[in-house]
Amino acid sequence: MTKVSVIGAGNVGASVAEYLAIKEIANEIVLLDIKEGYAEGKAMDLNQCATLNGYNAHLTGSTNDYSATAGSKVVVITSGIPRKPGMTREELIGTNAGIVKSVTENVLKYSPDAILVVISNPMDTMTYLCAKTSGLPKNRVIGMGGILDSARFKYRLSEAIGCNPNDLQGVVIGGHGDTTMIPLTRHASYNSTPVSQHLSAERLEQVSADTMVGGATLTKLLGTSAWYAPGAAGAALVEAIVRDGKRLMPCSVYLEGEYGQSDICIGVPVIIGANGWERVVEYDLNEEEQAKFKASADAVRNMNDALEL
Ligand code: APR
């Protein structure tokens, strides 16, 4: 039995739960929300998809009763308010910090051994808050941002090259923000050849710029932040944990000297397995990339300063 709980049954939370069920990553899935009846409704709706999609996962909904989440292997935190058009992730900080802190405390009362996946924005700051206040070993707190940004990067690359996105390798590191993320174009490849062999420097620059505003572009179109790719990215991370995948995924984790940074959670490539994030993979960054990473860390740290720890 693998039990996974998702806190916040809104767009992203419900999407994570749906992918967890469809891919049978967990067979017991709990959705919890503060809104009366909301999680129960989403869970019932998803249970009614079982025979249509051919899965045998069972979903339970709960209105703020954390006892329903007891014994979860992984808990995904999506609760918070989403970004509205024109609003930066940074502006979300005050409200979402209060929510994430109380959710973490409640979750750990019932699932003291859980690995926590943080999706609520501003994600790097919420992950840092969780890492600093939860008392958990650092490996059990993982911020999900870079997996989504990397998927968006590969989508943009595939459009530019005109190829199957699954034949691309590409990683985005740094903060999960429009101005702080760093698509590593120099390291990206298409069927083992550098993408610079397939795209002009100018086009590659455009791919990078479009990737960075990936979230904001969708927020403008949808009137709220996106959920399919964030949900799929959250589920992919949970899958690597519960199946002990040892997958390389860029995630926001607590650094102690890696990439020249300490006392911060920021996106770096890590190996994900049954113990959470197991080690940081150090890429060989050139001077320009190192400078961008440092600037990104400075911006994330600046936001962390707004936290009352
Ligand atoms: N406890 C439980 N659930 C809560 C709490 C709380 N304290 N506070 C808010 N929620 C719930 C809301 O009731 C809502 O159903 O969190 C849910 C959030 O869902 P949406 O408003 O649909 O937001 P969503 O698009 O899912 O985004 C969630 O993920 O990508 C990030 O920026 C995004 O921080 C946002 C989060």
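**Exercise 1. A loop and its peptide bond**

In which loop is Pro122 found? Work out its place, then describe the bond that leads into Pro122.

*Solution.* First, a word on the model: it is predicted, so local features need pLDDT of at least 70 and side-chain atom pairs count only at pLDDT 80 or more, while totals for chains, interfaces and linings use all residues. Residues are numbered from 1 along each chain as its sequence is written, and side-chain values use heavy atoms, with hydrogens and water left out.

Step 1: Pro122 is found in the loop between β5 (115–118) and α5 (123–134). Helices here are DSSP runs of H or I with at least four residues, and strands are runs of E with at least two, numbered from the N terminus.

Step 2: look at the bond from Asn121 to Pro122. Its omega is near -5 degrees, so to speak a cis peptide bond. For background, most peptide bonds are trans.

**Exercise 2. The overall build**

Describe the protein as a whole, starting from its secondary structure.

*Solution.* Step 1: count the elements. The protein has 10 helices and 14 strands.

Step 2: compare its radius of gyration with the globule rule. The radius (taken over C-alpha atoms) is set against 2.2 Å times the number of residues to the power 0.38. The protein has 19 Å, close to the 19 Å from the rule for 309 residues, so it is as compact as a globular protein of that length.

Step 3: add the box. Along the principal axes, the C-alpha atoms fill roughly 55 × 45 × 40 Å.

Step 4: turn to burial. Buried means under 20% relative accessible area, exposed over 50%, and partly exposed in between, with a 1.4 Å probe and protein chains only. Of the 309 residues, 52% count as buried.

Step 5: check the contacts (heavy atoms within 4.5 Å). Among those between residues at least 6 apart in sequence, 70% join residues at least 24 apart.

Step 6: finish with charge. There are 26 positive and 34 negative side chains, and the centres of the two sets lie 1 Å apart. Lys and Arg count as positive, Asp and Glu as negative, and His and the chain ends are not counted; each charge is placed at NZ of Lys, CZ of Arg, CG of Asp or CD of Glu.

**Exercise 3. Following β12, β13 and β14**

How many bridges join strand β12 to β13? Trace the pairing onward to β14.

*Solution.* Step 1: strand β12 (residues 247–256) runs antiparallel to β13, and 10 bridges join them. Two strands pair if DSSP finds at least two bridges between them. Glu256 stands opposite Ser262 in β13.

Step 2: inspect the turn. The hairpin of β12 and β13 has five residues between the strands, and Gly257 there takes a positive phi near 105 degrees.

Step 3: move on to strand β14 (residues 276–280), which pairs with β13 in the antiparallel sense over four bridges. This hairpin has two residues between its strands, and Gly273 stands opposite Gly276 in β14.

Step 4: consider the surroundings of β13 (residues 262–273). Of its 12 residues, 10 are buried, so the strand is largely enclosed by the rest of the structure.

**Exercise 4. Two buried residues**

Which residues do Ala240 and Ser62 touch, leaving aside neighbours within four places in sequence?

*Solution.* Step 1: Ala240 is found in helix α9 (residues 228–242) and counts as buried at 4% relative accessibility.

Step 2: Ala240 is in contact with Gly245, Lys246, Arg247, Met249, Ile272 and Gly273. Ala240 and Gly276 are 36 residues apart in sequence and 8.8 Å apart in space, C-alpha to C-alpha.

Step 3: Ser62 lies in strand β3 (residues 58–63) and, at 4% relative accessibility, is buried. Ser62 touches Leu31, Leu32, Asp33, Ala39, Glu40 and Ala68.

**Exercise 5. Positive phi values**

Where do Glu24 and Asn64 lie, and what is the phi of each?

*Solution.* Step 1: recall that most residues other than glycine have a negative phi.

Step 2: Glu24 has a positive phi of about 45 degrees. Glu24 sits in the loop between α1 (11–22) and β2 (28–33) and is partly exposed, with a relative accessible area of 41%.

Step 3: Asn64 has a positive phi near 60 degrees. Asn64 lies in the loop between β3 and β4 (74–77), and its relative accessible area of 39% makes it partly exposed.
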